Amino acid sequence: MRNLTEICRPSTIEEALTLLARPTPRTAILAGGTELVGQADPSVEAVVDLSRLGLDAIHLDSDALHIGAMATLDDIARSEHAQAFAGSHLARAAHAATSSLLRRQATLGGSIITRQAAEVLALLLALGAQVVVHSPRAATVRLADFLPQPPNGAWLLTDVVVPRRSALGVSIYSVRRTPSDAPLVTVASALTVTSGTAQYVGIGLAGVGLGAMPLVRAEAVLRGQALSNRLIEAAVEAAVAETPAITDHHASAQYRAHVTGVLLRRALADSWRAALEPS
């Protein structure tokens, strides 16, 4: 970042938004810095450091798990509240997302905006997470709606809210080239089951080259239906059909679609069993 001339440290969200809305100098957000510093974009002339805004809190109440956007992946992995939520899957996903060094720097908000930390994003999508975005007024939107189309102009993601659901079965599977690589494909599923019928259904897909998205067609196949192996196969077929057809140097589109189906079949079976187990 050889052309950097300003480092601004606002103490309020309103001040941060004012700085980000300036037409010049070209200004970027500094959260954990892993992406911004790594890219070393020469066009960035100023950064807005969010460290003084108090956005790193994590707490659990009767309705949801609340995670500040500046909480690091390591904060989430170590948080008693995250470990007590949804079978500790989110805490474990944060721990597995990257190396210990980067885990202590990478923030949840930055991971969402840059589409990094595939396991975390897939789980958040499966769990029906929402994000609080200020632009300038605060609005709460589904993560599934935010990811494909963030707001225009100056905005700031400040919080992630993950609803609590009783008797929730959660599962996640990933495929990597090596244990240290980012996942080529990650699939997460979350189910609640009443009298053998799927009530809440959430399925998240993420991975290298894929970004992150909910598998809405597969969710629709399951929702409100009596679960069976045949129904799971129908959901897998829908998931394969809606997996983005992306071929790059990491993997072919055919491979990604096939692995998505294999992982979803396993995840749904696990989620189904977990949802039926007595708490």
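**Entry 1: the three-stranded sheet**

Two strands count as paired if DSSP finds at least two bridges between them. With that in hand I turned to this predicted model and looked up an open sheet of three strands. Its order is β1-β3-β2, and the pairing is parallel. I noted the edges next: β1 (6-8) and β2 (27-30) each have a single partner strand, so one side of each is left without a neighbour in the sheet. From one strand to the next, the twist averages 25 degrees.

I then checked what packs on this sheet. Helix α1 does, and it touches β1, β2 and β3. The direction of α1 makes about 145 degrees with that of β2.

For the pairing itself I took β1 and strand β3 (residues 46-49). Three bridges link them in the parallel sense. Which residue of β3 is the bridge partner of Cys8? I found Val48 there.

**Entry 2: the five-stranded sheet**

I went on to the other open sheet. Five strands make it up, in the order β4-β5-β8-β6-β7, and here the pairing is antiparallel. The edge places belong to β4 (58-60) and β7 (138-142); each has a single partner strand, so one side of each lacks a neighbour in the sheet. Neighbouring strands are turned against each other by 20 degrees on average, with direction ignored.

As a reminder to myself, strands of a sheet pair through backbone hydrogen bonds, either parallel or antiparallel.

Helix α1 turned up again at this sheet. I have α1 (residues 13-20) lying across β6 (130-134) and β8 (156-163). Its direction runs at about 125 degrees to β8.

**Entry 3: strand β5 and its partners**

I spent some time on β5 (residues 64-68), which has the highest mean pLDDT among the elements of the chain, at 98. Is this strand largely enclosed or largely open to the outside? Four of the five residues of β5 are buried, so the strand is largely enclosed by the rest of the structure.

On one side I followed β5 to β4. The two form a hairpin with three residues between them, and three bridges join them in antiparallel fashion. I wrote down two of the facing residues: His59 has His66 of β5 as its bridge partner, and Leu60 stands opposite Leu65 in β5.

I followed β5 to β8 as well. Five bridges join these two strands, which run antiparallel. Ile67 has Val160 in β8 as its bridge partner.

**Entry 4: rings**

I searched for aromatic pairs, and the structure holds one. The ring centres of Phe146 and Trp155 are 5.5 Å apart and their planes meet at 80 degrees, so the pair is edge-to-face; the cut-off for that label is over 60 degrees.

Are the two partners buried or exposed? I took under 20% relative accessible area as the limit for buried. Phe146 has 3%, so I entered it as buried. Trp155 has 16% relative accessibility, and it counts as buried too.

I also looked at a charge beside a ring. The charged end of Arg165 sits over the ring of Tyr200, at 3.6 Å from the ring centre.

**Entry 5: two single residues**

Gly211 came first. I located Gly211 in strand β12 (residues 211-214). Its relative accessible area is 22%, so I put it down as partly exposed. What does Gly211 contact once its neighbours within four places in sequence are left aside? I listed Arg115, Leu205 and Ala206. I also took the C-alpha separation of Gly211 and Pro148: it is 9.5 Å, and the two residues are 63 residues apart along the chain.

Ala234 came next. I found Ala234 in helix α11 (residues 229-242). With a relative accessible area of 30%, Ala234 is partly exposed. From Ala234 to Leu222 I noted 8.5 Å, C-alpha to C-alpha, with the two residues 12 apart in sequence.

**Entry 6: confidence**

Last, I looked up how sure the predictor is. The protein chain averages a pLDDT of 92, and 97% of the residues score at least 70. Where is the lowest mean pLDDT among the elements of the chain? I traced it to helix α2 (residues 34-39), with a mean of 68.

How values were computed
Residues are numbered from 1 along each chain as its sequence is written. This is a predicted model: local features need pLDDT of at least 70, side-chain atom pairs count only at pLDDT 80 or more; totals for chains, interfaces and linings use all residues. Side-chain values use heavy atoms; hydrogens and water are left out. pLDDT is the predictor's confidence in each residue, from 0 to 100. Axes are lines fitted to C-alpha atoms, for helices over the stretch in contact, and angles run from 0 to 180 degrees between N-to-C directions. Contact means heavy atoms within 4.5 Å. Rings of Phe, Tyr and Trp (its six-membered ring) pair if their centres lie within 6.5 Å; planes under 30 degrees apart count as stacked, over 60 as edge-to-face and the rest as tilted. Buried means under 20% relative accessible area, exposed over 50%, partly exposed in between (1.4 Å probe, protein chains only). A charge sits over a ring if NZ of Lys or CZ of Arg is within 6 Å of the ring centre and within 35 degrees of the ring normal.
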